[in-house]
Amino acid sequence: MKILGIESSCDETSASIIEWKNNKACVLSNIISSQVKLHAKWGGVVPNLASREHLKNIIPVLKMAFKKSGVKPSELKLVSVTNGPGLIPALLIGTNVAKTLSYFWEKPLVGIHHVEGHIAANFISDKISRISKSQLPISNKIKMAFPALCLVVSGGHTQLILMKDYLKYEIVGQTLDDAAGEAFDKVARILEIGYPGGPAIAAKAAELRIKNYELRKEDKKNSIIHDSKFMIHLPRPMLNKKNFDFSFSGLKTAVLYETKKHPELLKNKSYVIEMCCEFQQAVIDVLITKTLKAAQKYSPKTIMLAGGVAANQELRVQLKEAIQKNLPDVKYKIPPMEYTGDNAAMIAIAAAFRWSKMTKEQKKKALLGWKTIDTDANLKLK
Ligand code: KG4
Ligand code: ZN
């Protein structure tokens, strides 16, 4: 079956068409129009500007998704859309376009939780870049060993989610304040190195990390940068708490205080690089420690990484190393790089799972999705 996915929860307008066959997803198209440049000068996403951009871009993005896939609307089995959580002015564009299409095309409509979409990006094989005979990126047959523990890290979320089976979610830990991605964005703003903060900080940190990653591996205890000129040391918040919750706003404030003490150092390239490296490592240390602790309690067979921060190469590598060392029997899954950020393919794949688990009655009801599905900024994962 062919599925249309639409995503507009934040600052990416995306439409994708996937083909779902024998528990296998084939991404026929995945068009993403990013608004990063527009929001950069504000240092964060401005909801009303995002909404206006989504409105301008959604039809061209949809047209491109159909053109690239070669699929006609009549061939679609269903339409799917992110209906929350996210910015309401942004979400409403995607959901209302999806509802309109579902009504006029008489196709069922499935609403997808944004985080469920990010997790579903893990079901796209990392061999996605290999082009199949039919010239289409193709995923492996989707098989997952449950229970699975998902570390979801994005601009809006930082959660540890236990999946006992497909579509069975239990949040076992989450941030009490800022999300990890949000902390990256805010710290990059303090350091005046651009937006979005994640890639900007990661790029600066890489300059130093290349030099002393081996050294740091030796001394995981206090993670001080040994060959640093400035000896910056940031806290690892909540590390010793027994629960699996996170807190990143204190870490951001620590960076702010440090830089306020010596504002002139913001012009010093080495200082900024070291601060980026130490901040990134502080976030990674907390994320990995909490994930391993949660794994001790819930004994997952798989650990998955999801969300925009999953693009962080250091996090990908260090989490892998930590799992190999401490939990050698646990499988480790990460989404392919190009599916870590917001995209509609992950929404369509999540919809394929939902659809395949629905009863006949539920499928019939989905035909009225254009009337019944709510757009909810605080949608709960169920
Ligand atoms: O999932 P996503 O695209 O949007 C939300 O659902 O929020 O995540 C965006 C977040 C931003 O905060 C961005 O700075 C962060 O992901 N991000 C990264 C990296 N690439 C994107 N954070 C750390 N390292 C990266 N390489
Ligand atoms: Zn996201």
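In this predicted model, a polar side-chain atom of D342 sits 3.1 Å from an oxygen atom of ligand 1. Two glycines join in through their backbones: a backbone N or O atom of G198 lies 3.0 Å from an oxygen atom of ligand 1, and a backbone N or O atom of G308 also comes to 3.0 Å from an oxygen atom of the ligand. Ligand 1 is well wrapped up, with the protein covering 86% of the 550 Å² of accessible area that it has on its own. The space it takes is the largest pocket. The shell around ligand 1 runs to 18 residues, and the closest are H118, G155, D185, G198 and G308. As for helices, α4, α5 (180-190) and α6 (197-218) each put at least two residues into that shell.

D342 turns up again at the metal. The zinc ion (ligand 2) has three protein donors, H114 (NE2), H118 (NE2) and D342 (OD), at 2.0 to 2.1 Å. Along the sequence, these donor residues follow the spacing H-x3-H-x223-D. The two histidines belong to helix α4 (residues 114-120), and because they are 4 residues apart there, about one helical turn separates H114 from H118. Both are tucked away: H114 is buried at a relative accessible area of 6%, and H118 is buried at 1%. H118 thus has two roles in this description, being a zinc donor and one of the closest residues to ligand 1.

Helix α5, one of the suppliers of the ligand 1 shell, also holds G181. This glycine is buried, its relative accessible area being 7%. G181 and H113 are 68 residues apart along the chain, and their C-alpha atoms are separated by 18 Å. Just where the chain passes between α5 and α6, the loop contains P196, and the peptide bond from Y195 to P196 is cis, with omega near -5°. A cis bond also leads into P85: the one from G84 to P85 has omega near -15°. P85 is placed in the loop between β4 (76-84) and α3 (88-105). For context, most peptide bonds are trans.

Two loop residues make polar contacts of their own. S247, in the loop between α6 and α7 (249-261), is buried with a relative accessible area of 12%. Its side chain makes a polar contact with the side chain of D177 at 2.7 Å. N268 belongs to the loop between α7 and α8 (269-298) and, at 26% relative accessibility, counts as partly exposed. A polar atom of the N268 side chain lies 3.0 Å from the backbone nitrogen of S270. The C-alpha atoms of N268 and M337 are separated by 31 Å, with their positions 69 residues apart in numbering.

Backbone angles single out two further loop positions. Most residues other than glycine have a negative phi, yet E106, which is not a glycine, has a positive phi of about 55°. E106 lies in the loop between α3 and β5 (109-113) and is exposed, with 66% relative accessibility. S299 is another non-glycine residue with a positive phi, here near 40°. This serine is found in the loop between α8 and β9 (302-306).

Terms used
Residues are numbered from 1 along each chain as its sequence is written. Chains are lettered from A and ligands numbered from 1 in the order in which they are written. This is a predicted model: local features need pLDDT of at least 70, side-chain atom pairs count only at pLDDT 80 or more; totals for chains, interfaces and linings use all residues. Side-chain values use heavy atoms; hydrogens and water are left out. Donors are N, O and S atoms within 2.8 Å of the metal (3.2 Å for Na, K and Ca); water is not among the atoms, so sites may look incomplete. Buried means under 20% relative accessible area, exposed over 50%, partly exposed in between (1.4 Å probe, protein chains only). A residue is near a molecule or strand if one of its heavy atoms lies within 4 Å of it. A polar contact is a pair of N or O atoms within 3.5 Å; within protein, one must be able to donate a hydrogen and the other to accept it, and residues adjacent in sequence count only if both atoms are side-chain atoms. Accessible areas come from the Shrake-Rupley method with a 1.4 Å probe; for residues, only the protein chains shown count as cover. On a 1 Å grid over the protein atoms alone, a cavity is a set of points where a 1.4 Å probe fits but cannot get out, and a pocket is an open set with protein on both sides within 12 Å along at least five of seven lines; lining residues have an atom within 4 Å of a point. A molecule sits in a cavity or pocket if more than half of its atoms lie within 2 Å of its grid points.
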